[in-house]
Amino acid sequence: MRMKEEKDETVKRLISLAMESLGIGVTIIDTKGTLLYYNKQAAKILDRKPEYIGEDVYSHHTKATSSQKLESMIQDFQKGRTEPFHYEAKPYGKTILVTLSPIFEKDGFIGCSQSVQLKEDIESKYLSS
């Protein structure tokens, strides 16, 4: 791990604050699709609520095809895929850009991080520069 000691509360607090200030939505799920974490930006873009922690994310997808797609990607990670998936989705009427990345430890695949951004937010930032 690239930080001082894992037990260092200051470092944990800084990591938590960094996740909240990224400007992108971040969700972390385990190998079965159980929601473990999400930041406030993810809650703004996706259907994320505190009571969903510990539940499977599939039950909160509005389309069955979304659940099937996620399950297939997780299976690919379980089979050893190390490259993230990048795709667009339109779950709530607005296009989001999604990256689903595997999380590995010594023993193998342990979960995924998902980052999301509204496509219109990215386009407006680049057009205004």
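Here is a short walk through the model, one selection at a time.

Before you click, know that this is a predicted model, where local features need pLDDT of at least 70, side-chain atom pairs count only at pLDDT 80 or more, and totals for chains, interfaces and linings use all residues. Numbering runs from 1 along each chain as its sequence is written, and side-chain values use heavy atoms, with hydrogens and water left out.

**Stop 1: helix α1.** Select residues 9-21, which make up helix α1. Helices here are DSSP runs of H or I with at least four residues, strands are runs of E with at least two, and both are numbered from the N terminus. The expected span is 1.5 Å times one less than the number of residues. For the 13 residues of α1 that gives 18 Å, and the end C-alpha atoms are indeed 18 Å apart. After α1, click on glycine 23, which has a positive phi near 85 degrees.

**Stop 2: strand β1 and its partners.** Now select residues 25-30, strand β1. Strands count as paired if DSSP finds at least two bridges between them. β1 runs antiparallel to β2 (residues 35-38), with 3 bridges. The two form a hairpin with 4 residues between them, and glycine 33 in the turn has a positive phi of about 90 degrees. Add β5 (residues 108-118): it is antiparallel to β1 too, through 6 bridges. Isoleucine 29 has cysteine 112 as its bridge partner there.

**Stop 3: isoleucine 28.** Is this residue buried or partly exposed? Its relative accessible area is 24%, so it is partly exposed (buried is under 20%, exposed over 50%, partly exposed in between, with a 1.4 Å probe and protein chains only). Its bridge partner in β2 is tyrosine 37. Beyond four places in sequence, isoleucine 28 has contacts (heavy atoms within 4.5 Å) that include Leu35, Ile103 and Ser113. Isoleucine 103 is 75 residues away along the chain, yet the two C-alpha atoms are separated by 9.3 Å.

**Stop 4: β4 against β5.** Select residues 96-105 for β4, which is antiparallel to β5 with 10 bridges. A hairpin of 2 residues connects them. Look for leucine 97 opposite glutamine 117.

**Stop 5: the core.** A nonpolar core is a set of buried Ala, Val, Leu, Ile, Met, Phe, Trp, Tyr and Cys residues joined through side-chain atoms within 4.5 Å. The largest one has 22 residues, and Ile29, Leu70, Ile74, Ile96, Leu100 and Cys112 have the most contacts inside it. β2, α2 (40-45), α3 (64-78), β3 (85-89), β4 and β5 each supply at least two of its residues. Finish on leucine 100, whose contacts more than four places away in sequence include Leu70, Phe77 and Cys112.
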